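Thanks for coming. I have one structure to go through this morning, and I will keep to packing and charge pairs.

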Amino acid sequence: MNSGNETTNTPPATAAPATANNTVAATATVITNIASLVTNDPSLGDESPLGLIQDAAVVIDGDRVVWIGESSKAPATDNRVDAGGRAVIPGFVDSHSHLVFAGDRTAEFNARMSGQPYAAGGIRTTVAATRAATDEALEANLTRYLGEALRQGTTTFETKSGYGLTVEDEARALRIASRHTDEVTYLGAHIVSPDHADDPAGYVDLVTGPMLDACAPYARWIDVFCEKGAFDGDQARAILTAGKARGLHPRVHANQLSYGPGVQLAVELDAASADHCTHLTQADVDALASGDTVATLLPGAEFSTRAEWPDARRLLDAGVTVALSTDCNPGSSFTSSVPFCIALAVRDMGMTPNEALWSATAGGAAALRRTDIGRLTPGARADLTLLDAPSHVHLAYRPGVPLVTGVWRRGERVL
């Protein structure tokens, strides 16, 4: 699997033009004078996983990239953008977030930072606030955080339900989310609903029955929090299997707080991703390395809970495909900043700057089983982020600095 590991330096390859005669439509847009372009295609650049091209240009026509290459060889167009010697990278792909919610959990965070441990039960606080909120309030909150993420270079995001835990509230969360992204995940199995605290089996029946019926039309994915205090392996299997029967593909919150069956269940069921992956046995690592399930790491959660960091180095060295995501949610990781998560991954999880960027772009795309995003190649979606820096390494080198100075999404400049 392509895990974004760095390779030895080799002479740059010449990028192939999109058309045989090196011409594009006059109405296309060329971004030129790019100091360093990350393509995530080794065949286009320096043969590393990032496929770096120095002194580069990108041509966009409509919502697609149509040409990649050296700036001096860029085809003529009527629209020209000078990158001014800055770096261009693919738009970030945030493959794990929880953005349909109301309220916050400031008191919980304050208590945790004062020495109290994190536990999954804090989700109930957000459930109560979300149920009480209007559709308009939930959507306004969602768009607020989407705008925040966009300004930090995120052009694709996945988001989940999971803060309603009734048939009506889960369905409305997904209905709202589906107006803003195609990557919508049904997470009725976030925790056992407070309404079924004494009947977890009954809640599983609800999640796999009437709630699934109401939610499936709005979702692409199904997820479950397989963890002590949430759902055990047998319950998680039943929930994910029911979702697959309705055409929803699995994702799993796995092995965040303790060792457990989540990772191996994810691989067994061909889940697109096993998310968190903090507490792993060697059998868990081997399972991930042998399957197609991406290990999505969420360093914002460890930062915000003072928990043990996932060992990204162990996963990468085993050949596991790794994604980085924010896990943006009001309880355990209230950040929408992929650059912040990249800096954490480099500083505390054993990743190189190259690996962290690959995981936040191409890795996120792999976690969503997408090939049209997370890379800048002819035919890919024109999602680009312009950094106010000469290299992507500055994302980790200058943590906390707002380096994103331009964003194109589906070919349109939105920042």
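I will take one helix first, then the salt bridges, then a pair of helices. Please keep in mind that this is a predicted model.

Start with helix α5, residues 200-208. Which residues of this helix are buried? They are Gly202, Tyr203, Val204, Leu206 and Val207. A general point about helices helps when you look at such a list: an α-helix has 3.6 residues a turn, so residues three or four places apart point the same way. As for what the buried residues of α5 pack against, the partners are α4 (167-177), β8 (184-189), α6 (210-215) and α7 (233-245).

Two of those partners, α4 and α7, come back in the salt bridges. How many salt bridges does a search of the whole structure find? The count is 22. I will show three.

One is Asp63 with Arg64, at 3.4 Å from N to O. Asp63 has a relative accessible area of 33%, which falls between the 20% limit for buried and the 50% limit for exposed, so Asp63 is partly exposed. Arg64, at 29%, is partly exposed as well.

Next is Arg175 with Asp135, where the closest N and O atoms are 3.8 Å apart. Arg175 sits in helix α4 and Asp135 in helix α3, residues 135-150, so this pair ties together parts that are 40 residues apart in sequence. Both ends are partly exposed: Arg175 has 29% relative accessibility, and Asp135 has 28%.

The third is Glu268 with Arg237, with 2.4 Å between the closest N and O atoms. Here Glu268 belongs to helix α8, residues 262-268, and Arg237 to helix α7, so parts 31 residues apart in sequence are tied together. Arg237 is partly exposed, at 33% relative accessible area. Back to Arg175 for a moment: salt bridges with shared partners join Asp135, Asp169, Arg172 and Arg175 into one network.

Last, the helix pair. Helix α12 (residues 338-348) and helix α13 (residues 353-360) pack with their axes 9 Å apart, at an angle of about 140°. Roughly antiparallel would need an angle over 145 degrees, so α12 counts as oblique to α13. The crossing of α12 past α13 is right-handed. On the α12 side, the contact is made by Val338, Ile342, Ala345 and Val346; on the α13 side, by Pro353, Ala356, Leu357 and Ala360. What classes of residue make up this contact? There are eight nonpolar residues, no polar ones and no charged ones.

How values were computed: Residues numbered from 1 in each chain as written. Predicted model: local features only at pLDDT ≥ 70, side-chain atom pairs only at ≥ 80, totals over all residues. Heavy atoms only, no water. Buried < 20%, exposed > 50% of the residue type's maximum accessible area, 1.4 Å probe, protein only. Helix = DSSP H or I, 4+ residues; strand = E, 2+ residues; numbered from the N terminus. Contact = heavy atoms within 4.5 Å. Salt bridge = Lys/Arg side-chain N within 4 Å of Asp/Glu carboxyl O. Axes fitted to C-alpha atoms, helices over the stretch in contact; angles between N-to-C directions. Parallel < 35°, antiparallel > 145°, perpendicular 65-115°, else oblique. Left-handed = near helix turned anticlockwise from the far one by under 90°. Nonpolar A, V, L, I, M, F, W, Y, C, P; charged D, E, K, R; others polar.
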